[in-house]
Amino acid sequence: MTEEKRTIVRVIGVRKTFTMGSQTLEALKGVDLEIYAGEYVSIMGPSGSGKSTLFNMIGGLDKPTEGKVFIDEVDISQLDAYELAWLRNRKIGYIFQTFNLIPVMTALENVTLPMTFAGMNGDDAQEKGIELLKLVGLGKRFQHKPLELSGGQQQRVAVARSLANDPAIILADEPTGNLDLSTGEEIIELLQKLSSERGVTIISATHDYKMLNVSDRVVWVRDGMVDRVERREELNITIGGIGEKLTGRKQEPGGA
Amino acid sequence: MSRSGAVLDRPEGGPGRLITLPFSKSLEISFKSLRVRFFRSMITVSSLVLAVSFLAFVLVNLDIAAGLLEHGGRDAVRALSQAGYDVDLAGGAVAMSAKERWIVILSLLVCTVGIVNAQLMSVTERFPEIGVMKCLGALDSMILKLFLLEAGMQGLAGAFMGAVLGALFSFLVGAVRFGSGVLAEVPVGSVLESVGLAVLGGCALSLVGVLYPAWLAARMEPIKAIRSEH
Ligand SMILES: Nc1ncnc2c1ncn2[C@@H]1O[C@H](COP(=O)(O)OP(=O)(O)O)[C@@H](O)[C@H]1O
Ligand SMILES: [Mg+2]
């Protein structure tokens, strides 16, 4: 690892406590994490371990009870509403398990909406939207509404939308969670392609072992804490060929 | 190996630190949203149509009565008094009876409550969608703007329909009560004025009715909205 690494996401001592009536639940119990620009990081852990909560903290969608999150060395708790909207619009692209497309808009309108917010003019946005939909393999179906598309296709639209304003970071929360095996694999392949061809930092919460294959690093989360962080090389040693067996694909040698 | 390089090369901040939603685009989004949810919008608008048509009916009735009074003399006064109008002979004016005034006010109140209720339901239905918009960078003010525009358009369409309906019905009733001759004596200017007033009132009601639901939607945290889908 001679390459110089730039930290793009820094999580310091983040705790999150949910209060429901008289009960409190500590979903994150002090998480420290550093993610470098251009990395593909998977956050792995069983259901309920706090992956989504961490995802929301990093994405500026929710506020930590304690601790700080830095994006590009900027403490996001210090941002005002306008700057936060700007961060969500330009800096980060979100992909959700349930796709979360806007049902009353066509695929193309879904993809161009963030561009509209960014002040891009209509024609440019259309052109770029079509280009992005082609990139994710949906070149012909851009006039369809989400409900007229299959789950895999909807997630492709969501991937295209996440790329709308060329974000530096793509955050994905269980992007394959609602997809069948082969469709899920296609989405993973797509994310890997974005990571390697466009240099986008990808942070994906998942419990899908197929993700291991494409990750530069894996952050194992257990019970609201980071259990361990492994690089891909180490991964091969500890869990052998699990990923390979599941996807039937060979791993490329070396890493980032 | 060029990975981190590509990110570093990206010009920070891009073409400008801008978050906008131009008026024409808001209008387009609101309009499409109404069209897609046509039946939902109709339900929201229905109570407005009824209330505005009642308001227009009452106002145009007065206009017809005024026309009758101007042309009809003594006979007209008797006919109008019989029909339940307060006739001020000296001033040559006709006014709503107190009871009628109360019914109009009440109907408008009920209508506002109905709109708030219908809009609350429709906004709640759309929480996930609003949350997504916020995740994509929408500001609170944009959400507010979209809802106000939708309500404005709904108000305009509903109030216009209601006002025309009410006026037509008023003509019909006038013709039946006083003979079709009254229609010739109707002061067109003041009828138009009444219809316009009813349309304006209807728009205002629609906007007032959406304020609270829209405010709720606008200041909602995106994460709540995303989660409410599960
Ligand atoms: N809004 C919330 N209110 C209360 N408890 C929550 C909330 N969100 C998450 N939790 C709890 O926090 C824990 C971690 O949840 P989550 O981050 O969604 O886990 P994961 O994504 O790994 O499945 C779970 O026990 C969950 O029930
Ligand atoms: Mg989760």
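The shell around ligand 1 divides into five nonpolar, six polar and two charged residues. The model that shows this arrangement is a predicted one. Ligand 1 lies between chains A and B, and 13 residues surround it. Those that come nearest are Gly48(A), Lys51(A), Ser52(A) and Thr53(A), together with Arg227(B).

Several atoms of chain A can be followed directly to the ligand. The side chain of Thr53(A) places an N or O atom 2.5 Å from an oxygen atom of ligand 1. In Ser52(A), a polar side-chain atom lies 2.7 Å from an oxygen atom of the ligand. Gly50(A) takes part through its backbone, where an N or O atom is 3.1 Å from an oxygen atom of ligand 1. The protein buries 71% of the 560 Å² that ligand 1 exposes when taken alone. Three elements of chain A give two or more residues to the shell: β1 (7-20), β2 (23-36) and α1 (51-58).

Which element gives the most to this shell? It is α1(A), with three residues. This helix is also mostly covered, since seven of its eight residues are buried. Among the buried residues are Lys51(A) and Thr53(A), both of which are also listed with the residues that come nearest to ligand 1. The other buried residues of the helix are Leu54(A), Phe55(A), Asn56(A), Met57(A) and Ile58(A). Just after the helix, Gly60(A) adopts a positive phi of about 70°.

Attention may now pass to another helix of chain A. Gln154(A) is placed in α5, which covers residues 151-162. Is Gln154(A) buried or exposed? Its relative accessibility is 13%, and because buried means under 20%, Gln154(A) counts as buried. Leaving aside residues up to four places away in sequence, Gln154(A) touches Phe99(A), Leu101(A), Pro146(A) and Leu149(A).

These details belong to a chain whose secondary structure comes to eight helices and ten strands. Chain A has 256 residues and a radius of gyration of 18 Å; a compact globule with that number of residues would have a value near 18 Å, so the two agree. Along the principal axes, the C-alpha trace of chain A spans about 45 × 45 × 40 Å. Buried residues make up 56% of the chain. Of the contacts in chain A with a separation of 6 or more, 69% join residues 24 or more positions apart. The accessible surface of chain A comes to about 10700 Å², and carbon and sulfur atoms account for 49% of that surface.

Chain B, which contributes Arg227(B) to the residues nearest the ligand, has nine helices and two strands. Where do the strands fall in the order of its elements? Read from the N terminus, the order is α-α-α-β-β-α-α-α-α-α-α. In this chain of 230 residues, 45% are buried. Contacts between residues 24 or more positions apart make up 82% of those with a separation of 6 or more in chain B. Its accessible surface is about 11700 Å², with 69% belonging to carbon and sulfur atoms.

Technical notes:
Residues are numbered from 1 along each chain as its sequence is written. Chains are lettered from A and ligands numbered from 1 in the order in which they are written. This is a predicted model: local features need pLDDT of at least 70, side-chain atom pairs count only at pLDDT 80 or more; totals for chains, interfaces and linings use all residues. Side-chain values use heavy atoms; hydrogens and water are left out. A residue is near a molecule or strand if one of its heavy atoms lies within 4 Å of it. A polar contact is a pair of N or O atoms within 3.5 Å; within protein, one must be able to donate a hydrogen and the other to accept it, and residues adjacent in sequence count only if both atoms are side-chain atoms. Accessible areas come from the Shrake-Rupley method with a 1.4 Å probe; for residues, only the protein chains shown count as cover. Helices (H or I, at least four residues) and strands (E, at least two) are DSSP runs, numbered from the N terminus. Ala, Val, Leu, Ile, Met, Phe, Trp, Tyr, Cys and Pro count as nonpolar, Asp, Glu, Lys and Arg as charged, and the others, Gly among them, as polar. Buried means under 20% relative accessible area, exposed over 50%, partly exposed in between (1.4 Å probe, protein chains only). Contact means heavy atoms within 4.5 Å. The radius of gyration is taken over C-alpha atoms; the globule rule is 2.2 Å times the number of residues to the power 0.38.
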